[in-house]
Amino acid sequence: WISGADRTGHFLSFLTRDSIMLDTTFDQAVERINSTKLLGPAYMIVGGVKPGEGAIVTRSHNESLHFVSLKDAQAAGKNYILQTNYDNWVKAPFFDDRRTPGQKCMEQVISEQKVDFGGVFQVLSAIPTRNRLTTYSTLMSVHDGRMEAYYQHCPEAHCAVWMSEATLV
């Protein structure tokens, strides 16, 4: 971007700000995030206030690579969508599968009816979702206008860089 001739890409932070300030509906926000040229790749998780309004947008700098909607997941019998550090349409690497343990933790939180900031924070804090490579976790609620961000670290002796089983804290 700095040395190239094409300077039409947007910083993700400015795109997010524009979406928050200018888009009045979930669909408008998703369209903007899904179609605006970026400076680099990103996973964007978008939430709305109505049931089924949630999406994971996987982007390259110039196109949408993959789109997952909460509405589609609900139609298939799941009440959540989950994004970890790897493309969600590709099998997670054997040495750092946070997706499968994350899904198990989400199912446990749902079965215990703890789908709130505390329950979701448990999922984000469960090993191996939280491992020695984790730096922070953020929880947001569009409906409540609430955001909480936490510095995460993993000092426990059993907390390796990569593990295969989830442990709720």
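**View 1. The side chain of S141 meets the backbone of D144.** In this predicted model, a polar atom of the S141 side chain sits 3.1 Å from the backbone nitrogen of D144. S141 itself belongs to strand β4, which spans residues 136-141. Is S141 buried or exposed? S141 counts as buried because its relative accessibility is 15%, and the cut-off for buried is under 20%. Beyond its neighbours within four places in sequence, S141 touches F117 and R146.

**View 2. A disulfide joins C154 and C159.** The sulfur atoms of C154 and C159 lie 1.5 Å apart. Viewed through its torsion, the link of C154 and C159 is right-handed, with 110° about the S-S bond. Both of these cysteines, C154 and C159, are buried. C105, by contrast, takes part in no disulfide: its nearest cysteine sulfur belongs to C154 and is 13 Å away. That leaves C105 unlinked because a disulfide needs sulfur atoms within 2.5 Å. C105 counts as buried too, since its relative accessibility is 2%. The disulfide count for the model comes to 1.

**View 3. Strands β1 and β2 form an antiparallel hairpin.** Here β1 (residues 42-47) and β2 (residues 54-59) pair in the antiparallel sense over 6 bridges. If you would like a place to start tracing the pairing, take A42, whose bridge partner in β2 is R59. The hairpin has 6 residues between its strands, and G52 has a positive phi near 85°. Which residues of β1 make up its covered face? They are A42, M44 and V46, while Y43, I45 and G47 make up the uncovered face.

**View 4. Q113 has a positive phi in a loop.** Most residues other than glycine have a negative phi. Q113 goes the other way, with phi near 55°. Q113 is found in the loop between α4 (99-111) and α5. Is Q113 buried or exposed? Q113 counts as exposed because its relative accessibility is 73%, and the cut-off for exposed is over 50%.

**View 5. The peptide bond from I127 to P128 is cis.** Most peptide bonds are trans. The one that runs from I127 to P128 is cis, and its omega is near 15°. Where does P128 sit? P128 is in the loop that follows α5 (117-125) and leads to β4 (136-141). That β4 strand is also home to S141, the residue of the opening view.

Notes:
Residues are numbered from 1 along each chain as its sequence is written. This is a predicted model: local features need pLDDT of at least 70, side-chain atom pairs count only at pLDDT 80 or more; totals for chains, interfaces and linings use all residues. Side-chain values use heavy atoms; hydrogens and water are left out. Helices (H or I, at least four residues) and strands (E, at least two) are DSSP runs, numbered from the N terminus. Buried means under 20% relative accessible area, exposed over 50%, partly exposed in between (1.4 Å probe, protein chains only). A polar contact is a pair of N or O atoms within 3.5 Å; within protein, one must be able to donate a hydrogen and the other to accept it, and residues adjacent in sequence count only if both atoms are side-chain atoms. Contact means heavy atoms within 4.5 Å. Two strands pair if DSSP finds at least two bridges between them.
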